[in-house]
Amino acid sequence: MTAHEIDYRIYGEEMQYVEIELDPQEGVVAEAGSFMMMEDGIKMETIFGDGSQKDTGFLGQIFGAGKRILTGESLFMTAFYNVLSGKRKVSFASPYPGKIIPIDLTRFGGKFICQKDAFLCAAKGVSIGIEFSKRLGRGLFGGEGFIMQKLEGDGMAFVHAGGTMAMKELKAGETLRVDTGCIIGFDQTIDYDIEFVGGIKNTVFGGEGLFFAELQGPGTVYIQSLPFSRLAGRVLASAPQGGGKSKGEGSVLGGLGDLLDGDNRF
């Protein structure tokens, strides 16, 4: 498998976007909805699956696209090609505040495992597939279900992390315990399992869930400080409830506090 060789540049701090420079006939594939802008000479095409397999026929394309349904993604992806003679640029934006992480798959032995909603875009030829967990505990309690995404090939891929990103290099036998939702992705050499938090007080009053992920090296692990599920939960908790009033900001005065702090909605 030989992916297209693309050049890129990442812009921004908290709401980033990645600008990809394509040589003539080079291409990039992206999740639907991540496109930001493109220069004249870029051709956009909707494709089944990731388009990494050539001459597989219609049934092969259907099978490749069907794998994406298992990870909760769309049947279709969008491919962008440079059809002119000079260099052209196309940009993709992060879906919520955080960081865009470039993944050189040759550094990871041609395979990187990530959360199902972390993938943003990749060089044409990179395969975006599914990674089945071989352990029952991961599937039942992992928070991300039985299936994660795997990126395979020899090109560049880009994944998105919510909040601030932390990269940890684990040595052989070294263990890191992580909230299951805070995992972005990891090296294929990482041994990944789910561990019960333990303790009556931790279970009933801890507020951190009953399980966390145990990652054992050697390998590289990427961690995010703000998973989208956590962000969405906080937004929903603070959204206006039945009567149209929003959740208070902590004032002991309740509604009177809203008047004093400038929140005068009725």
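Trainee: Is Phe35 buried, partly exposed or exposed?

Mentor: This is a predicted model, and the label follows from the relative accessible area, with buried meaning under 20% and exposed over 50%. Phe35 has a relative accessible area of 36%, so the residue is partly exposed.

Trainee: Which residues form a nonpolar patch on the surface?

Mentor: The patch consists of Phe35, Met36, Met37, Met38 and Met44, and together they have about 440 Å² of accessible area. Strand β4 (residues 35-38) supplies the largest share, four residues. Met44 belongs to strand β5 (residues 42-48) and is partly exposed, at 48% relative accessibility.

Trainee: How many aromatic pairs are found in the whole structure, and how should one read such a pair?

Mentor: A pair of aromatic rings is described by two values, the distance of the centres and the angle of the planes. The search finds eight aromatic pairs. In one of them, the centres of Phe35 and Phe80 are 5.3 Å apart and the planes stand at 15°, so this pair is stacked. Because Phe35 lies in strand β4 and Phe80 in strand β6 (residues 76-82), the pair ties together parts that are 45 residues apart in sequence. Phe80 is buried, at 1% relative accessibility. Ring pairs also link Phe35, Phe80 and Phe92 into a cluster.

Trainee: What is the arrangement of the aromatic pair formed by Phe108 and Phe112?

Mentor: That pair is edge-to-face, with 5.1 Å from centre to centre and 65° between the planes. Phe108 is buried at 3% relative accessible area, and Phe112 is buried at 0%. In addition, Arg107 lies over the face of Phe108, 5.0 Å from the ring centre.

Notes. Residues are numbered from 1 along each chain as its sequence is written. This is a predicted model: local features need pLDDT of at least 70, side-chain atom pairs count only at pLDDT 80 or more; totals for chains, interfaces and linings use all residues. Side-chain values use heavy atoms; hydrogens and water are left out. Patches are made of residues with over 30% relative accessible area and no salt bridge: like charges are joined within 9 Å, nonpolar side chains (Val, Leu, Ile, Met, Phe, Trp, Tyr) within 5 Å. Accessible areas come from the Shrake-Rupley method with a 1.4 Å probe; for residues, only the protein chains shown count as cover. A salt bridge is a side-chain nitrogen of Lys or Arg within 4 Å of a carboxyl oxygen of Asp or Glu. Helices (H or I, at least four residues) and strands (E, at least two) are DSSP runs, numbered from the N terminus. Buried means under 20% relative accessible area, exposed over 50%, partly exposed in between (1.4 Å probe, protein chains only). Rings of Phe, Tyr and Trp (its six-membered ring) pair if their centres lie within 6.5 Å; planes under 30 degrees apart count as stacked, over 60 as edge-to-face and the rest as tilted. A charge sits over a ring if NZ of Lys or CZ of Arg is within 6 Å of the ring centre and within 35 degrees of the ring normal.
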